There are 2 protein chains.
Amino acid sequence: MVSKKTKPIILISNDDGIESKGIRTLTKEIRKFAEVIVVAPNTQQSAVGHAVTMSNPIRATKNLIDRNFYGYAVEGTPADSVKLAVMILFKEKKIDLLISGINQGANTAINVIYSGTVSAATEGTILGIPSIAVSLTSYTYDNFSVAAKFTSKIAKVILKKGLPKGTLLNINVPAVEKEKIKGVAATKQGKSYWADDYVLRLDPSKRKYYWLTGGMKKLDKTIEFDQKAIDENYISVTPIHYDLTDYTAYEEIKKWNLKF
Amino acid sequence: MVSKKTKPIILISNDDGIESKGIRTLTKEIRKFAEVIVVAPNTQQSAVGHAVTMSNPIRATKNLIDRNFYGYAVEGTPADSVKLAVMILFKEKKIDLLISGINQGANTAINVIYSGTVSAATEGTILGIPSIAVSLTSYTYDNFSVAAKFTSKIAKVILKKGLPKGTLLNINVPAVEKEKIKGVAATKQGKSYWADDYVLRLDPSKRKYYWLTGGMKKLDKTIEFDQKAIDENYISVTPIHYDLTDYTAYEEIKKWNLKF
């Protein structure tokens, strides 16, 4: 049997769900040069953080992406989708790269820890696959083509260079036309955070309920930080990892000399 | 009006739900020296990661903890509970410390990123409150008294010393009697990970579904790492933060000199 592997195999997932425009546009772009596998949640999963489903069973159903091209819709989270894709659905494939996205909305600064998009890429990294998360930084602007083109470009770079073990790239693309993009900035996770608030309402039975609301408190001054890079119309590329140890504090806590 | 603050104010939350034995035992212990506020999810929320609820409204209902002492049960995640407690329910209080726990089951190594217990403490840290997460490292052994005693002890240390801004402590207590505990180790997040697998089953209509299963692949050799410390019957205290930037990789990615 003549079977020469010519194309890289790329797994695409997301947290906005398999029907979202972001994953569809990305898939179309990446299929131009790669064999693409799509496995993504069947429904929108934003702000799920790095959730995995343990107390319920998971199902996967075929989902038409394009003529004769099917993906799998998973009843679960982004991390579930990636786990199931790698360990069961496409167990026999050697996946060269995982792309999570294109997410609708920024995953910068503190948002990174809430992000389902990032969690899919984190799961890929844990499973030993070079992985990236891509977001378009607007909830309303929905032209994903610039973000898809850049993703295609950086995917090829990573297929060549690889990524350090345990590192993933969190990419944010400004929601503007290509001409307005000033460049690409290697960035750090910004210090900006949500100044959250809750709106109190009363239901018809006069019981209280609350809606989360709020705006971003922007604290970063230079394009070394993801949020500021985006605000200045740079594409931001932040290498992140899942070792949460605070090494500076570790040295401090050792000195506490705790006993029990 | 004479109102002298004599006791520290401590917020207690968790991810196992307000009815769980871990939070009840902890609350009883901490009330010995502090004014305690309990705000926790109404149902078990394990492995939710750092999820927040945005697309649904949140409710909070009073929940009897002990004679005349009420907490709030929140229809939401651990992070939701902490946000709502700090920003709405107890807005007027100056909370001195947040304790999330006591969780049933270890939050060591890779588990940290899936942990709802840790996410409650992370949310507290984001909101500027010194915060700790505490877990008892067994799903079956349910004597929380040793863990509660140690938590009480370290809570007093933190109330005195404080914590570095942006740092929280992730504490794991071995599921053994006090006499068997060898000591307290300042630790780093371990490199052990889950060797996940899925079990395939068929439902009565012969459709496939999958259950997540698997065991921990233990890679750490010394008690400098949380998982190994626990295995050796040390209480592990890991300082963690929510800056996921991989600074080593950041220097590397800068050299890539990315363009678009």
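Two strands are said to pair if DSSP finds at least two bridges between them. By this criterion strand β1 (residues 9–13) of chain A pairs with strand β5 (residues 97–104) of chain A, since four bridges join them. The legends below describe close-up views of a predicted model.

**Figure 1. Strands β1 and β5 of chain A run parallel.**
The view shows β1(A) beside β5(A), with four bridges between the two strands. A:I10 stands opposite A:L97 of β5(A). Helix α1 (residues 21–30) of chain A lies across β1, β2 (35–41), β3, β5 and β6 of chain A. The direction of α1(A) is at about 140 degrees to that of β5(A).

**Figure 2. The open sheet of chain A has nine strands.**
Read across the sheet, the order of the strands is β3-β4-β2-β1-β5-β6-β7-β11-β8, and the pairing is mixed. The edge strands are β3 (60–66) and β8 of chain A, each of which pairs on one side only. On average, neighbouring strands of this sheet are turned by 25 degrees against each other, direction ignored.

**Figure 3. Strand β7 (residues 168–173) of chain A is mostly covered.**
Six of the six residues of β7(A) are buried. In a regular strand the side chains alternate between the two faces of the sheet. In β7(A), the residues A:L168, A:N170 and A:N172 point one way, whereas A:L169, A:I171 and A:V173 point the other way. Strand β6 (residues 131–136) of chain A runs parallel to β7(A) and is joined to it by five bridges. One pair of bridge partners is A:L136 and A:V173. Strand β11 (residues 234–240) of chain A also pairs with β7(A), in the antiparallel sense and over five bridges. Here A:L168 has A:I240 of β11(A) as its bridge partner.

**Figure 4. A helix takes part in a left-handed β-α-β unit of chain A.**
The unit is made of β6(A), helix α4 (residues 145–161) of chain A and β7(A). Its two strands, β6(A) and β7(A), run parallel.

**Figure 5. Helix α2 of chain A is mostly covered and lies across five strands, β1, β2, β3, β4 (69–74) and β5 of chain A.**
In α2(A), 10 of the 12 residues are buried. Among them are A:P78, A:D80, A:K83, A:L84 and A:L89. The helix runs at about 135 degrees to β2(A).

**Figure 6. Strands β9 and β10 of chain A form a hairpin.**
The two strands pair in the antiparallel sense over 10 bridges. A:L202 stands opposite A:K208 in β10(A). Five residues lie between the strands, and A:K206 in the turn has a positive phi of about 65 degrees.

**Figure 7. Helices pack on the sheet of chain B.**
The open sheet of chain B has nine strands in the order β3-β4-β2-β1-β5-β6-β7-β11-β8, with mixed pairing. Its edge strands are β3 (60–66) and β8 (183–186) of chain B, and each pairs on one side only. The twist from one strand to the next averages 25 degrees. At one edge, β8(B) runs parallel to strand β11 (residues 234–240) of chain B, with four bridges between the two. B:A186 has B:V237 of β11(B) as its bridge partner. Helix α3 (residues 116–126) of chain B touches β1, β5, β6 (131–136) and β7 (168–173) of chain B, and its direction makes about 170 degrees with that of β6(B). Helix α2 (residues 78–89) of chain B lies across β1 (9–13), β2 (35–41), β3, β4 (69–74) and β5 (97–104) of chain B, running at about 135 degrees to β2(B).

**Figure 8. The largest nonpolar core holds 154 residues.**
The members that touch the most other members are A:I12, A:V39, A:I99, B:I12, B:V39 and B:I99. Leaving aside neighbours within four places in sequence, the contacts of B:V39 include B:L11, B:Y72, B:V74, B:L84 and B:L89.

**Figure 9. Chains A and B meet through the same surface.**
A rotation of 180 degrees, with 0.0 Å of shift along its axis, superposes chain A on chain B with an RMSD of 0.0 Å. The two copies are therefore related as by a two-fold rotation axis. The contact takes 63 residues from chain A and 63 residues from chain B. Elements that give two or more residues to the side of chain A that touches chain B include α2, α3, α4, β9 and β10 of chain A. The largest share of that side, six residues, comes from α6(A). Because 100% of the interface residues of chain A are also interface residues in chain B, the copies meet through the same surface.

Key. Residues numbered from 1 in each chain as written. Chains lettered and ligands numbered in written order. Predicted model: local features only at pLDDT ≥ 70, side-chain atom pairs only at ≥ 80, totals over all residues. Least-squares fit on C-alpha atoms with pLDDT ≥ 70 in both. Contact = placed C-beta atoms within 7 Å. Core = buried A, V, L, I, M, F, W, Y, C linked by C-beta atoms within 7 Å. Buried ≥ 20, exposed ≤ 12 C-beta atoms within 10 Å, placed from the backbone. Right-handed = clockwise from strand over helix to strand, strands pointing away. Axes fitted to C-alpha atoms, helices over the stretch in contact; angles between N-to-C directions.
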